[in-house]
Amino acid sequence: VQVLLKLILHLCLHVVLASVSLMSEVFRRNTFWRIGRSLLHQEQLDFELALKEKMIHSVMPEVIASELLEIDDNAYQSIFRHETSRFRPLMLHRMDSVTILFADIVGFTKMSSTKTASALVALLNNLFNRFDKLAEHHGCEKN
């Protein structure tokens, strides 16, 4: 009888150790999977942030783009400090001399109906690049 009890106790001990080992392995694999997912999300976030920064720099002067990105970084950090605000701070700059250029492409609607979308985008891209080069040549900022 005593041998049978020792055998049952020994068997129970093995079952308990096997279940603990299995639970530990499941936990390790789950942790590994979550870390991998977190790294993938961080990589995607870094890509999106770089794309956002590139887009902002492509449409705004360097000074304004840098200020805007700095404000955005500060707002991002304030989320983690639980300092939420409904509005972004205003960015006001005094300019002594300002000229505003409005340009209209005569016949654009009619022309756009005869061109493909990619040809139209290429045409507009070329036109805007030429405006940008002229502005840079004459020391103008575009906003």
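Among the elements of this predicted protein model, helix α1 (residues 2–59) has the highest mean pLDDT, at 93, and α2 has the lowest, at 70. Here pLDDT is the predictor's confidence in each residue, on a scale from 0 to 100. The protein as a whole has a mean pLDDT of 84, and 85% of its residues reach 70 or more. Because the model is predicted, local features need a pLDDT of at least 70 and side-chain atom pairs count only at pLDDT 80 or more, whereas totals for chains, interfaces and linings use all residues. Residues are numbered from 1 along each chain as its sequence is written, and side-chain values use heavy atoms, with hydrogens and water left out.

**Overall architecture**

The protein contains four helices and zero strands, and its pattern along the sequence reads α-α-α-α. Helices (H or I, at least four residues) and strands (E, at least two) are DSSP runs, numbered from the N terminus. Of the 143 residues, 8% count as buried. Buried means under 20% relative accessible area, exposed means over 50%, and partly exposed lies in between (1.4 Å probe, protein chains only).

The accessible surface of the protein comes to about 13500 Å², and carbon and sulfur atoms account for 65% of that surface. Such areas come from the Shrake-Rupley method with a 1.4 Å probe, and for residues only the protein chains shown count as cover. Contact means heavy atoms within 4.5 Å. Among contacts between residues at least 6 apart in sequence, 38% join residues at least 24 apart.

**Charged pairs in helix α1**

Side chains of opposite charge can pair when their charged atoms come close. A salt bridge is defined as a side-chain nitrogen of Lys or Arg within 4 Å of a carboxyl oxygen of Asp or Glu. A search of the whole structure finds two of them, listed below.

| Salt bridge | Closest N and O atoms | Citation |
|---|---|---|
| E25 and R28 | 2.8 Å | |
| R29 and E25 | 2.9 Å | |

E25 and R28 both lie in helix α1, three residues apart, which is about one turn of the helix. R29 and E25 also both lie in helix α1, but four residues apart, again about one turn. Through shared partners, the salt bridges join E25, R28 and R29 into one network. E25 counts as partly exposed because its relative accessibility is 29%. R28, with a relative accessible area of 49%, is partly exposed as well, while R29 is exposed, at 58%.

**The end of α1 and helix α4**

H57 lies in helix α1 and is partly exposed, with a relative accessible area of 27%. Which residues does H57 contact, leaving aside its neighbours within four places in sequence? They are E62, A65, S66 and L69. H57 and L68 are 11 residues apart in sequence, and their C-alpha atoms are 9.9 Å apart in space.

D132 is found in helix α4 (residues 117–137). Its relative accessible area of 28% makes D132 partly exposed. D132 and V59 stand 73 residues apart along the chain, with 9.9 Å between their C-alpha atoms.

**The loop between α2 and α3**

T99 lies in the loop between α2 and α3, and at 73% relative accessibility T99 counts as exposed. The C-alpha atoms of T99 and E141 are separated by 10.0 Å, the two residues being 42 apart along the chain. I100 is placed in the loop between α2 (62–80) and α3 (108–112). I100 is exposed, since its relative accessible area is 64%.

I100 also belongs to a nonpolar surface patch together with M95, V98 and F102, and the four have about 500 Å² of accessible area together. Patches are made of residues with over 30% relative accessible area and no salt bridge, with like charges joined within 9 Å and nonpolar side chains (Val, Leu, Ile, Met, Phe, Trp, Tyr) within 5 Å.

**Cysteines**

A disulfide is a covalent bond between the sulfur atoms of two cysteines. How many disulfides does the structure hold? It holds zero, where a disulfide is taken as a pair of cysteine sulfur atoms within 2.5 Å. C12 counts as partly exposed, at 43% relative accessibility, and C140 counts as partly exposed, at 49%.
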